[in-house]
Amino acid sequence: MNRDEKFMKEALEEAKKAALRNEVPIGAVIVYNDDIIARGSNIREESETTLSHAELVAIEQANKVVGSWRLEGCTLYVTLEPCVMCAGAIVQSRIKRVVYGAIDPKGGCAGTLMNLLNESRFNHQVEVTSGVLEENCRVLLQNFFKQLRKKKTSY
């Protein structure tokens with residue numbers, strides 16, 4: 001198992017925690033010098049706030065650990081391609097690299113619909129690696145939504 005797969009497995013564990021709380025199973029970890037310094041999972045339903053995406057939860061935690069809004073030298077691992085809001089926060093936090101699992105055909109802003117992370121007009125660009133443990137990430141999401149649809153049609 002390579003380094004990216006190792007840390008993506010950690011992000012998948014965070015996504016599974018979200019699923020257990022009936023949240024969309026998206027998980028993230030932030031790594032600095034081969035150490036996980038922050039973890040996050042989707043908590044939008046629980047918190048009832050738009051901003052509670054896994055990436056933003058992890059970024060906020062990493063800011064506290066580092067003691068700065070700048071996360072230079074950090075890598076963010078996330079199970080689903082970042083949306084426009086998260087991509088903006090990633091650029092603003094100066095994260096060096098993003099590694100994601102599954103593409104998001106309806107909202108992905110790290111290469112699918114657009115690539116805000118590599119937008120040359122911004123003052124910071126982010127290295128992007130996609131498709132790491134893609135099937136595991138995709139299947140977790142698909143199964144969650146299948147179960148959700150079953151629950152909605154069973155009553």
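These legends go with a set of close-up views of a predicted model.

**View 1. Helices α3 and α4 side by side.** Here we zoom in on helix α3, which covers residues 54–66, and helix α4, which covers residues 84–92. Their axes come within 9 Å and cross at roughly 25°. That angle is under 35 degrees, so α3 and α4 count as roughly parallel to each other. As for handedness, the α3–α4 crossing is left-handed. On the α3 side, the touching residues are E55, L56 and I59, and on the α4 side they are M85, C86, A89 and I90. Sort the residues of this contact by type and you get 6 nonpolar, 1 charged and no polar.

**View 2. Two cysteines, C83 and C86, without a bond.** A disulfide is a covalent bond between the sulfur atoms of two cysteines. How many disulfides does the count come to? The answer is 0. Why is C83 not bonded to C86? The cysteine sulfur closest to that of C83 sits in C86, 3.8 Å away, and that is too far for a bond, because a disulfide needs the two sulfur atoms within 2.5 Å. Looked at from the other end, C86 is in no disulfide either, and its nearest cysteine sulfur is that of C83. Both residues are tucked away: C83 is buried at a relative accessible area of 17%, and C86 is buried at 0%. C86 also turns up in View 1, as part of the contact between α3 and α4.

**View 3. T75 and its neighbours.** T75 belongs to strand β3, which spans residues 75–80. Is T75 buried or exposed? It is buried, with a relative accessible area of 8%. Leaving aside residues up to four places away in sequence, T75 touches V29, I30 and V31, along with R97 and V99.

**View 4. N22, a loop residue with positive phi.** N22 is not a glycine, yet its phi is positive, at about 60°. Where is N22 found? Look in the loop that links α1 (3–20) to β1 (27–32).

**View 5. L133, another loop residue with positive phi.** L133 has a positive phi of about 50°, and it isn't a glycine. The loop holding L133 runs between β5 (127–130) and α5 (134–153). Its relative accessibility is 18%, and L133 therefore counts as buried, the limit being under 20%.

Terms used:
Residues numbered from 1 in each chain as written. Predicted model: local features only at pLDDT ≥ 70, side-chain atom pairs only at ≥ 80, totals over all residues. Heavy atoms only, no water. Axes fitted to C-alpha atoms, helices over the stretch in contact; angles between N-to-C directions. Helix = DSSP H or I, 4+ residues; strand = E, 2+ residues; numbered from the N terminus. Parallel < 35°, antiparallel > 145°, perpendicular 65-115°, else oblique. Left-handed = near helix turned anticlockwise from the far one by under 90°. Contact = heavy atoms within 4.5 Å. Nonpolar A, V, L, I, M, F, W, Y, C, P; charged D, E, K, R; others polar. Buried < 20%, exposed > 50% of the residue type's maximum accessible area, 1.4 Å probe, protein only.
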